[in-house]
Amino acid sequence: MRTPIVAGNWKMYKTNSEAASFVRELALRIAAYSNVERVVCPPFVALAGVAEAVVGTPIKVGAQNVHWEDQGAYTSQIAPPMLVGLAEYVIIGHSECRAYLGETDEMINRKAKALLAHGLKPIIAVGESLAQNDAGDTDAFVSGQVRAALQGIDSQSMPSIVLAYEPIWAIGTGKSASSAVAQQIIGGTIRKTLEELYGVQVADLVRIQYGGSVKPDNMADYMSQPDVDGALVGGASLKLDDFTKLVEAASRAKGS
Ligand code: PGA
């Protein structure tokens with residue numbers, strides 16, 4: 001049984017004080033849904049404030065990116081040891097970082113290995129562009145991204161990894177993939193790829209989220225799909241009411 005995981009990717013929104021007061025209130029609202037892992041991923045500068053604000057609450061903290069080196073002359077970058085104690089999860093491979101920061105599959109693979117080496121849990125985002133989708137290349141492309149991100153990572157590490165299928169054309173556009181398509185890519189493509197790489201037992205326990213215009217009104221639909229283990233959410237995770245409803249829907253759909 002995979003515990004669903006709902007993660008709010010706050011992108012470049014919320015100051016340190018806004019983020020801390022938001023999570024204090026959020027913690028009260030979503031405390032009851034203990035069958036769901038609840039994660040907020042604030043901007044780097046808000047990590048320390050949020051980490052302090054969630055002490056004693058069930059909310060876990062994630063970062064939005066990381067460098068693969070432990071330290072060095074990399075102006076503006078954040079190293080894995082700097083996140084230890086502040087974050088449990090780290091999003092890597094987000095399409096905005098691939099597109100705007102020029103991140104490659106190879107860099108994402110190095111980041112994944114660096115995170116694991118420091119006991120941090122990667123949330124690895126993959127997903128195709130509209131052009132790739134239109135051309136019928138989604139399966140091959142997404143499977144290739146998964147293979148590249150996981151190259152050289154052994155099966156013992158896999159329970160620490162979360163994957164997120166985020167079709168680029170659905171991010172922040174209000175155009176979400178249908179839940180049937182999400183199930184097809186998550187179950188049929190990504191979990192199949194994991195099965196080929198690690199065998200069925202490992203593939204069965206890795207959690208795979210859907211992301212891309214997830215809102216309170218479509219969350220239950222995604223969560224009703226057997227292979228969808230939660231959501232990576234941008235816009236809707238910035239609002240207390242919406243975040244609460246997302247967690248509630250995940251809890252109800254996958255409740256045990
Ligand atoms: P969105 O963003 O929910 O605003 O579409 C999702 C993401 O980028 O992770």
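This tour moves from the whole protein to its barrel, then to single strands, residues and helices.

**The whole chain**

Begin with the entire model, which is predicted. With everything displayed, the protein shows 11 helices and 8 strands. The radius of gyration is 17 Å, close to the 18 Å that the globule rule gives for 256 residues, so the protein is as compact as a globular protein of that length. Along the principal axes, the C-alpha atoms fill a box of roughly 45 × 45 × 35 Å. A surface view shows about 10900 Å² exposed, 52% of it supplied by carbon and sulfur atoms. Of the 256 residues, 54% count as buried. Among contacts between residues at least 6 apart in sequence, 72% join residues at least 24 apart.

**The barrel**

Next, hide the helices and keep the strands. In what order do the 8 strands close into a barrel? The order is 1-2-3-4-5-6-7-8, and the pairing is parallel. From one strand to the next, the twist averages 25 degrees. As general background, strands of a sheet pair through backbone hydrogen bonds, either parallel or antiparallel.

**Strand 4 and its partners**

Select strand 4, residues 89–92. On one side it pairs with strand 3 in the parallel sense, over 2 bridges. Here Gly-62 stands opposite Tyr-89 of strand 4. Now add strand 5, residues 121–126, which runs parallel to strand 4 and is joined to it by 4 bridges. Two pairs are worth labelling: Val-90 stands opposite Pro-122, and the bridge partner of Ile-92 is Ile-124.

Show the side chains of strand 4. In a regular strand, side chains alternate between the two faces of the sheet. Are the two faces of strand 4 covered or open? Both are covered: Tyr-89 and Ile-91 lie on one side, Val-90 and Ile-92 on the other, and all four are buried.

**Ile-5 in strand 1**

Move to Ile-5, which is found in strand 1. Its relative accessible area is 0%, and because buried means under 20%, Ile-5 counts as buried. Select its contacts, leaving aside neighbours within four places in sequence: Glu-37, Val-39, Tyr-89, Val-162, Arg-207, Gln-209, Asp-229, Gly-230 and Ala-231. Tyr-89, a contact of Ile-5, is also one of the buried residues of strand 4. For a distance across the model, pick the C-alpha atoms of Ile-5 and His-118: they are 21 Å apart in space, and the two residues are 113 apart in sequence.

**Helices over the strands**

Bring the helices back. Helix 1, residues 16–30, lies across strand 2 (37–41) and strand 3 (59–63), and runs at about 135 degrees to strand 3. Helix 7, residues 138–149, lies across strand 5 and strand 6 (162–165), at about 155 degrees to strand 5.

**Helix 10**

Finish with helix 10, residues 216–223. Which of its residues are buried? They are Asn-218, Met-219, Tyr-222 and Met-223. Look down the axis of helix 10: these residues fall within an arc of 140 degrees, so they line one face of the helix. To see what covers them, select elements including strand 1 (5–9), helix 8 (179–198), strand 7 (207–211), strand 8 (230–233) and helix 11 (240–254).

Note on methods
Residues numbered from 1 in each chain as written. Predicted model: local features only at pLDDT ≥ 70, side-chain atom pairs only at ≥ 80, totals over all residues. Heavy atoms only, no water. Buried < 20%, exposed > 50% of the residue type's maximum accessible area, 1.4 Å probe, protein only. Arc of directions from axis to C-beta. Contact = heavy atoms within 4.5 Å. Pairing = 2+ DSSP bridges. Axes fitted to C-alpha atoms, helices over the stretch in contact; angles between N-to-C directions. Rg over C-alpha atoms; globule rule 2.2 N^0.38 Å. Areas by Shrake-Rupley, 256 points an atom, 1.4 Å probe, with all protein chains shown as cover.
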